[in-house]
Amino acid sequence: LDETPLPVAGLLDALDAVIWAVDIPSKQFLYVNEKAQELLGFPTEKWFDSATFWADRIYSEDRDWMLRGYDQSIENWARHHCEYRANTSYGKVVWLRESARILQDDAGQPRHLVGLAIDVTQQRLLEGQYVQAQRVEAASRLASRTAHEIANQVMIISGYAEDLLTTLEPDNPQRADVREICAATNRLRTLMGQLSSPTRSQALSADPIDLNDFLKKLEP
């Protein structure tokens, strides 16, 4: 860096990306730009303390497959592209999109692994919200179709119950049972109407109820 007419170190620090270089045999970091400290919170000197920091910066659930990917990249002299989660010094986990490649020494052996990583946490969050919204929409459509089919069956049950009620004598003890069938179908109609209504962006209003009165209605 000292021999180049351009301020390369300054340019690397100005990039909105983590730039790093690792010695392959020792797994020690040799270089990291200032963006690494800004994004992950670890002081620059922390990166050079031990060989384990190369792995410790990776989120535990992503660590095994990430390290295997690095090893395969070194073995096959292939570029390594991936997205993974990284630990920060302040307890937050961030998503990084990383690209790494091998640099060889004078003998043609793999000597350094250099990489560039950018923060894609916000993009991942938006993608997750989009997927969740799709799931909610699919569930809403399924609930609406199901409610429509059940409502059709409830209508048949209700119709037969009402016809049966008109044929029973006023003092017939079965009238109470048929009334319960009618009441149950009315409750089901209300429930099906709620399921088939479009998904609302605002929360449903909550009204106070008398719990004792509510339980008495359920008693039959």
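Two strands are taken to pair if DSSP finds at least two bridges between them, and I begin there since what I show first is a strand pair. Please keep in mind throughout that this is a predicted model.

Strand 1 and strand 2 pair in the antiparallel sense, over four bridges, and within this pairing Asp 23 stands opposite Gln 28 in strand 2. The two strands form a hairpin with four residues between them, and in the turn Lys 27 has a positive phi of about 60°.

Both strands also feed the interior. The largest nonpolar core has 26 residues, of which Trp 20, Trp 47, Tyr 70, Tyr 84 and Leu 113 touch the most other members. At least two residues each are supplied by several elements, including strand 1, strand 2, helix 4 and strand 5, while the largest share, four residues, comes from strand 4.

Which residues does Leu 113 contact, if we leave aside its neighbours within four places in sequence? Among them are Trp 20, Ala 21, Val 22 and Ile 24, together with Trp 54, Tyr 70 and Ala 100. There is, in addition, a second, separate core of five residues, which includes Leu 165, Leu 168, Val 178 and Cys 182.

Let me turn, finally, to the surface, where Ile 209, Leu 211, Phe 214, Leu 215 and Leu 218 form a nonpolar patch with about 520 Å² of accessible area together. Leu 215 is found in helix 7, residues 211–218, and this leucine counts as partly exposed because its relative accessible area is 47%, a value between the 20% and 50% limits.

Methods. Residues are numbered from 1 along each chain as its sequence is written. This is a predicted model: local features need pLDDT of at least 70, side-chain atom pairs count only at pLDDT 80 or more; totals for chains, interfaces and linings use all residues. Side-chain values use heavy atoms; hydrogens and water are left out. A nonpolar core is a set of buried Ala, Val, Leu, Ile, Met, Phe, Trp, Tyr and Cys residues joined through side-chain atoms within 4.5 Å. Buried means under 20% relative accessible area, exposed over 50%, partly exposed in between (1.4 Å probe, protein chains only). Contact means heavy atoms within 4.5 Å. Patches are made of residues with over 30% relative accessible area and no salt bridge: like charges are joined within 9 Å, nonpolar side chains (Val, Leu, Ile, Met, Phe, Trp, Tyr) within 5 Å. Accessible areas come from the Shrake-Rupley method with a 1.4 Å probe; for residues, only the protein chains shown count as cover. A salt bridge is a side-chain nitrogen of Lys or Arg within 4 Å of a carboxyl oxygen of Asp or Glu.
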